[in-house]
Amino acid sequence: MKLIRKIGVVIATAVAVLCCGCGNSDTASKNNTPSVEKAQSKSPDVAFTVPQTISESDSSNEITYFGNQDISAVAELFEKNTGCTVNVEKSESDYINVLSEKISSDDSPDLCDKVDNTFPYLISMNFYEDLTDYIDITSPQWSDYTDIIDYYSFKGGKFFYPTTVKVMPQFLIYVKTTYVQCGNVPDPEKLWLMDEWTWNTFKQGANSVLGCPMSSADALLCGRDIFDNFLATSGEPIFPRNGNVFSNGLETWNAQCVSELLSTQKIKHTDEFDADTEMPYFVFLSGDEKTLAELRKTDLSVGAVPYPRYEEADKYYCKAVSEGFLVPKGAKNIKSAASFINCSRIVDASDEQREKNEQKLMDSGLLLSDVEWLESIRSSDKMTPILVEDNCFDDSTNTAVQKITEFTYIDSWNELSEECFPVIDRALEKINAVTE
């Protein structure tokens, strides 16, 4: 199984840093974080194991979902095959604290959403029910996900069965005409197709654009999750797991290489930006389908590529993230909740749902060619996605992680490391102590 300043100053620093190397590391770091099966199962729905109707003697005939996802399609299949109904309680702000209060007061819902710090922090805090005895991972719908389910296990229990795993949640978007105007610099999309889209060609192209008088770009990157996407291309998640032991991937050689690549560049870390007005001032935007759809409404001719391959890694790695549901501690109807999770995987893997997802993307403003292009990248045999969990601890630890991963060119990586690594390492020690 196979298992993301002013122009004169920018030019000077871009040449100095984008051309610098990190030396020759032996290989990408190795850990047992699972790679991800990219191609979703193409089996027809009838090949999947649909949960059997649950008798009233085994469980009540309703469950409560507390969260924010659109569960209508899953609820329809679930209700049809179990006879149970789903009561939806929409969460508002302060989701985890509200859920914690419900658990403490013996008022737990039966289902809740996976959130950023579900794994490993909340699982280690005994927030969820162990579903090992409730979901059969030998069923066809889980065939691509068995290693991933094992990865999310904790102290022998299986708590999280992902509804879906999204490969390349963020990608790089750029103005194609800029590359032509700046001396016919090789187009990143063509480099990807020729297997030449690497850190080096990324640096060379960015240097050319930043130094070109025809370009309005005066900064390298704008967007979200920039550091962890580059780190993922080295084969290194932020918090690698080796057996039951979690470690700090920000302390590795590969993270140092990412810091050298980005540390003196003008980079804007943000979840919110005006793609139309800001795109011309950056060589790349780190965004998703929503970002690309906004740009399709403009006069800009843009392209999209994955984060470039790190030459020192043994494979072309990219970031992947998981989504889904869990059963909070104290749930009264675990069996039915587990059946719902089973149904969620069945729905997500169906051809009908894939067609709905594609139509939703096109309705948002994407072209059919955009949808097909992104899918071709995500399903490419060249790519080896790895799971990345960030913001996955308590608030103080997450703040320390963000200081590291969202540093700017005026920050010192060494100074930030001295400040933040002790906070992160203490959090990891607590997690590891629980697993002993």
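Start by selecting aspartate 271: this residue is exposed, with a relative accessible area of 57%. Keep in mind as you click around that you're looking at a predicted model.

**Stop 1: a bridge across the chain**

Now add arginine 224 to your selection. Its side chain and that of aspartate 271 meet in a salt bridge, 3.8 Å from N to O. The two partners come from distant parts of the chain, 47 residues apart: aspartate 271 is in the loop between β9 and α11, while arginine 224 is in the loop between β6 and α9. Arginine 224 is partly exposed, at 35% relative accessible area. Want to see who else joins in? Select Asp225, Asp228 and Lys319 too, and you have a network of salt bridges that links them with Arg224 and Asp271. The whole structure holds 21 salt bridges.

**Stop 2: a buried pair**

Next, pick arginine 378 and glutamate 289. They form a salt bridge whose closest N and O atoms are 2.7 Å apart. This one also ties together distant parts of the chain, with arginine 378 in helix α15 and glutamate 289 in helix α12, 89 residues apart. Buried or exposed, what is arginine 378? It counts as buried, because its relative accessibility is 12% and the cut-off for buried is under 20%. Glutamate 289 is buried as well, at 8%.

**Stop 3: along helix α14**

Select residues 351-363 to light up α14. Arginine 354 and aspartate 351 both sit in this helix, three residues apart, or about one turn. Their side chains meet in a salt bridge (2.0 Å, N to O). Residues three or four places apart in an α-helix point the same way, because there are 3.6 residues a turn. Arginine 354 counts as buried at 17%, whereas aspartate 351 is partly exposed at 40%.

Stay here and colour Glu355, Glu358, Glu372 and Glu375: they form a negative surface patch. Helices α14 and α15 each supply at least two of its residues. Glutamate 375, for one, lies in α15 and is partly exposed at 43%.

**Stop 4: a charge without a bridge**

Go to aspartate 110, in the loop between α3 and β3. Which side chain of opposite charge is nearest to this buried residue? That's lysine 332, 7.2 Å away, and aspartate 110 has no salt bridge. Its side chain does reach the backbone nitrogen of threonine 64 at 2.8 Å, and the backbone nitrogen of asparagine 333 lies 3.0 Å from one of its polar atoms.

**Last stop: helix α10**

Finally, select residues 253-262. Seven of the ten residues of this helix are buried, so α10 is largely enclosed by the rest of the structure. Among the buried ones are Cys257, Val258 and Leu261.

Definitions and conventions: Residues numbered from 1 in each chain as written. Predicted model: local features only at pLDDT ≥ 70, side-chain atom pairs only at ≥ 80, totals over all residues. Heavy atoms only, no water. Patch = residues over 30% accessible without salt bridge, like charges linked within 9 Å, V, L, I, M, F, W, Y side chains within 5 Å. Areas by Shrake-Rupley, 256 points an atom, 1.4 Å probe, with all protein chains shown as cover. Salt bridge = Lys/Arg side-chain N within 4 Å of Asp/Glu carboxyl O. Lys, Arg positive; Asp, Glu negative; His and termini not counted. Charge placed at Lys NZ, Arg CZ, Asp CG, Glu CD. Helix = DSSP H or I, 4+ residues; strand = E, 2+ residues; numbered from the N terminus. Buried < 20%, exposed > 50% of the residue type's maximum accessible area, 1.4 Å probe, protein only. Polar contact = N/O pair within 3.5 Å; in protein donor to acceptor, adjacent residues only side chain to side chain.
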